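Here is a small set of exercises to work through with the model open beside you. Try each task before reading its solution.

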Amino acid sequence: MTDTLQDLIASAAALIVGLAAGWAVHSAFGRRKRAREQRFFGLPDGSECVLVTHRDSTSAHWSIPRHDALALLGLAAIVENCGAHTEVAPHDTGLQGFGARTEFCVGDPTAHRRLAAHMTNLLPGVTVHPGDDSGTDRGMFTIAGTHYRPEPGTVEYVLLARLTAGEDSRPVFLAAGQRPVTHRAAVRHLVRNRARLARKYGAQGSFCLLLKVVNSQAYGPDLVELVADVTKPATTPAGPRAAAKAAAKDD
């Protein structure tokens, strides 16, 4: 066997070993990444979750607003990647209490019964205004005495939250916004930043973020700004001082 042939065989063997090692490292990295996502979303292999949305009030049949439907598609991809199974349920269907399975609640809290109930129980520091007879200030958030009024098409707000009832319970994710386009923006923010959120808040951590969607009439759900992490005030019942501050701002 010539030296040249031996060199070729050695090079080929080194290449095969290198490719195998690279594949093993890549596979191990992919498994770790998938395991982190499964912990963050509470979706181990074979588990079940539910996507809860409200009906499109402009349709005579049961249908989902377009932006909400697109938001649910983004969540469905995450669920599939985690190896879990999903169910889509309307907000006014009787469902079990939260914690037994992961839940994604997406919609307008002034019209979404399940979402409104979760916010009352889990985010007692947030007030969502139903608006007056003319619809003025409908969907406005009040948090720690500060009002966040929607300016349709220009500035709109949405709350993105991950909440749990205890260490052994599955999380409930809330995307509670002032218009359907904000729900989609919140879900996209969750999907794109899931690794960073998991690092910051932990696999079992709760959070509530206030996001602002800017100029949705031109850019849809693409321009999103983080206004604040409102976890503490949102999960703490509003006291008399906050209520007085909010009332003073209304005067």
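**Exercise 1. A residue and its surroundings**

In which strand does Val50 lie? Then work out its exposure class and list its contacts away from the local sequence.

*Solution.* Keep in mind that this is a predicted model.

- Step 1: Val50 belongs to strand 1.
- Step 2: The cut-off for buried is under 20% relative accessible area. Val50 has 2% relative accessibility, so it counts as buried.
- Step 3: Leaving out residues up to four places away in sequence, Val50 touches Glu87, Ala89, Arg101, Thr102, Glu103 and Phe104.
- Step 4: Take the pair Val50 and Phe104: they are 54 residues apart along the chain, and 6.3 Å separates their C-alpha atoms.

For the wider setting, 65% of the contacts in the protein with a separation of 6 or more are between residues 24 or more positions apart. Buried residues make up 41% of the 251 residues.

**Exercise 2. Laying out the sheet**

In what order do the seven strands of the open sheet stand, and why is one side of strand 2 and of strand 10 left without a neighbour?

*Solution.*

- Step 1: Reading across the open sheet, the order is 2-1-3-8-7-9-10, with mixed pairing.
- Step 2: Strand 2 (85–90) and strand 10 (224–229) are at the edges and have a single partner strand each, so one side of each lacks a neighbour in the sheet.
- Step 3: From one strand to the next, the twist averages 20°.

As background, strands of a sheet pair through backbone hydrogen bonds, in either a parallel or an antiparallel way.

**Exercise 3. Following the bridges**

How many bridges join strand 7 to strand 8, strand 7 to strand 9, and strand 9 to strand 10? Find a residue pair for each.

*Solution.*

- Step 1: Strand 7 (residues 155–163) and strand 8 (residues 172–177) run antiparallel and are joined by six bridges. Here Val158 stands opposite Gly177 of strand 8.
- Step 2: Strand 7 also pairs with strand 9 over eight bridges, in the antiparallel sense. Leu159 has Leu210 of strand 9 as its bridge partner.
- Step 3: Strand 9 and strand 10 run antiparallel too, with five bridges. Val213 is matched with Val224 in strand 10.
- Step 4: Six of the eight residues of strand 9 are buried, which leaves this strand mostly covered.

**Exercise 4. Helix 4 in its place**

Check the length of helix 4 against its residue count, and decide how enclosed it is.

*Solution.*

- Step 1: At 1.5 Å a residue, the 13 residues of helix 4 should span 18 Å, and the end C-alpha atoms are 19 Å apart, which agrees.
- Step 2: Of those 13 residues, 10 are buried, so helix 4 is largely enclosed by the rest of the structure. Among them are Val181, Ala185, Ala186 and Leu190.
- Step 3: Helix 4 (residues 180–192) lies across strand 3, strand 7, strand 8, strand 9 and strand 10, at about 45° to strand 7.

**Exercise 5. Two helix pairs**

Which helix pair is roughly parallel, and which is roughly perpendicular?

*Solution.*

- Step 1: Helix 2 and helix 4 pack with their axes 7 Å apart, at an angle of about 15°. Angles under 35 degrees count as roughly parallel, and helix 2 and helix 4 are therefore roughly parallel to each other.
- Step 2: The crossing of helix 2 and helix 4 is left-handed. The residues making this contact include Leu70, Ala71 and Gly74 of helix 2 and Val187, Leu190 and Val191 of helix 4.
- Step 3: Helix 4 and helix 5 (residues 194–201) have axes that come within 5 Å and cross at roughly 70°. The pair is therefore roughly perpendicular. Here the contact involves His189, Leu190, Val191 and Arg192 of helix 4 with Arg194, Arg196 and Leu197 of helix 5.

**Exercise 6. Positive phi**

Where do Ala144 and Asn215 sit, and what is phi for Ala144 and for Asn215?

*Solution.*

- Step 1: Ala144 is in the loop between strand 5 (141–143) and strand 6 (146–148). Its phi is near 55°, a positive value in a residue other than glycine.
- Step 2: Asn215 is in the loop between strand 9 and helix 6 (216–219). Phi of Asn215 is near 55° and positive, again in a residue other than glycine.
- Step 3: Ala144 counts as partly exposed at 41% relative accessibility, and Asn215 counts as partly exposed at 23%.

Conventions. Residues numbered from 1 in each chain as written. Predicted model: local features only at pLDDT ≥ 70, side-chain atom pairs only at ≥ 80, totals over all residues. Heavy atoms only, no water. Pairing = 2+ DSSP bridges. Helix = DSSP H or I, 4+ residues; strand = E, 2+ residues; numbered from the N terminus. Axes fitted to C-alpha atoms, helices over the stretch in contact; angles between N-to-C directions. Contact = heavy atoms within 4.5 Å. Expected span 1.5 Å × (residues − 1). Buried < 20%, exposed > 50% of the residue type's maximum accessible area, 1.4 Å probe, protein only. Parallel < 35°, antiparallel > 145°, perpendicular 65-115°, else oblique. Left-handed = near helix turned anticlockwise from the far one by under 90°.
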